[in-house]
Amino acid sequence: MNVKWCLTLLILFIVTGCSADDSEQVEYQTSTDQEEDFTLEVSTPVEVKTGDTFVIEQKLTYNGTEELLIVHEDPAIRSKIINENGEEVDTGIYYVDHALITEFTQGKSINVEENFTLNEPGNYEIHTSALFHKTDDLEGSNLISTFDMLIQPIKIHVSN
């Protein structure tokens, strides 16, 4: 009888410990930009706490039907954070400019997740962009067209 009681308590503790706590769920907002056959999508939390790391999820998707080559930066999508004074926040992320060539087919996407930590409370904007070029050769020397996609800035609030 004691074994059954212990097992019942153990199961109850496991189930209780594994259940989701609604107060911990993070609300995300998403913004998109569409240009010709490409969609740029960015998701970020609405509210974060100072010192907590949060993720900005970014996705560039090709919706066209023809295969094509794209010359792009690495990473292909870049975000920066602007404070209430209009100044870019030093997040410790520094991009090195070098180009990659990626073959796109219908539905192919490039996904980028970046982790950020903000240590000052206040209101901020996330500015996200993707700059890339269509090319017709694997060297990327013949650029056919240029895409400079910009997402409407997303507002986030950082609290103590």
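**Entry 1. Glu 73**

I began with the surroundings of Glu 73, setting aside its neighbours within four places in sequence, and found contacts with Arg 78, Asp 97, His 98 and Leu 131. The model I consulted is a predicted one. I located Glu 73 in strand S5, which covers residues 68–82. I then asked whether Glu 73 is buried, exposed or partly exposed. Its relative accessible area is 22%, so I recorded Glu 73 as partly exposed, given that buried requires a value under 20%. I also looked up the separation of Glu 73 and Ile 101: the C-alpha atoms are 8.8 Å apart in space, and the two residues are 28 apart in sequence.

**Entry 2. The protein as a whole**

I next took the overall inventory. The protein holds one helix and 10 strands. Reading from the N terminus, I noted the order α-β-β-β-β-β-β-β-β-β-β. Of its 160 residues, 34% count as buried. I recorded an accessible surface of about 10,200 Å², with 50% of it belonging to carbon and sulfur atoms. For contacts between residues at least 6 apart in sequence, I noted that 68% join residues at least 24 apart.

**Entry 3. The open sheet**

I asked in which order the strands of the open sheet are arranged. Four strands form this sheet, in the order S1-S2-S4-S7, and their pairing is antiparallel. I identified S1 and strand S7 (109–117) as the edge strands, since each pairs on one side only. From one strand to the next, the twist averages 15°. As background, I noted that strands of a sheet pair through backbone hydrogen bonds, either parallel or antiparallel.

I then went through the sheet pair by pair.

- Strand S1 (residues 28–35) and strand S2 (residues 38–45) are antiparallel and share eight bridges. I found Gln 29 bridged to Thr 44 in S2.
- S1 and S2 make a hairpin with two residues between them. In that turn I noted Glu 36, which has a positive phi of about 50°.
- S2 and S4 are joined in the antiparallel sense by six bridges. Here I found Leu 40 opposite Leu 60 in S4.
- S4 and S7 run antiparallel and are joined by nine bridges. I found Val 55 opposite Asn 115 in S7, and Phe 54 opposite Phe 116 in S7.

**Entry 4. Aromatic pairs**

I asked how many aromatic pairs there are, and the count comes to seven. I examined Phe 38 and Tyr 62, which form a tilted pair with 5.2 Å centre to centre and 45° between the planes. This pair links distant parts of the chain: Phe 38 belongs to strand S2 and Tyr 62 to strand S4 (residues 53–62), 24 residues apart. I recorded both Phe 38 and Tyr 62 as buried.

From Tyr 62 I proceeded to Phe 104. Tyr 62 and Phe 104 form an edge-to-face pair, with 6.1 Å centre to centre and 70° between the planes. Why does this pair tie together parts that are 42 residues apart in sequence? I noted that Tyr 62 lies in strand S4, whereas Phe 104 lies in strand S6 (residues 99–104), so the pair spans that separation. I looked up the accessibility of each partner. Tyr 62 has a relative accessible area of 2% and is therefore buried. Phe 104 has a relative accessible area of 0% and is likewise buried.

I then asked which residues form the aromatic cluster. I recorded Phe 38, Tyr 62, Phe 104, Phe 132 and Phe 147 as one cluster.

**Entry 5. Ser 159**

I closed with Ser 159, which I placed in strand S10 (residues 154–159). I asked whether Ser 159 is buried or exposed. Its relative accessible area is 16%, so I recorded Ser 159 as buried. I then asked which side chain joins that of Ser 159 in a polar contact of 3.0 Å. The partner is Glu 47. Leaving aside neighbours within four places in sequence, I found Ser 159 in contact with Glu 47, Val 48, Lys 49, Thr 50 and Pro 121. Glu 47 therefore stands in my notes both as a contact of Ser 159 and as its polar partner.

Key
Residues numbered from 1 in each chain as written. Predicted model: local features only at pLDDT ≥ 70, side-chain atom pairs only at ≥ 80, totals over all residues. Heavy atoms only, no water. Buried < 20%, exposed > 50% of the residue type's maximum accessible area, 1.4 Å probe, protein only. Contact = heavy atoms within 4.5 Å. Areas by Shrake-Rupley, 256 points an atom, 1.4 Å probe, with all protein chains shown as cover. Pairing = 2+ DSSP bridges. Phe/Tyr/Trp six-rings, centres within 6.5 Å; stacked < 30°, edge-to-face > 60°. Axes fitted to C-alpha atoms, helices over the stretch in contact; angles between N-to-C directions. Polar contact = N/O pair within 3.5 Å; in protein donor to acceptor, adjacent residues only side chain to side chain.
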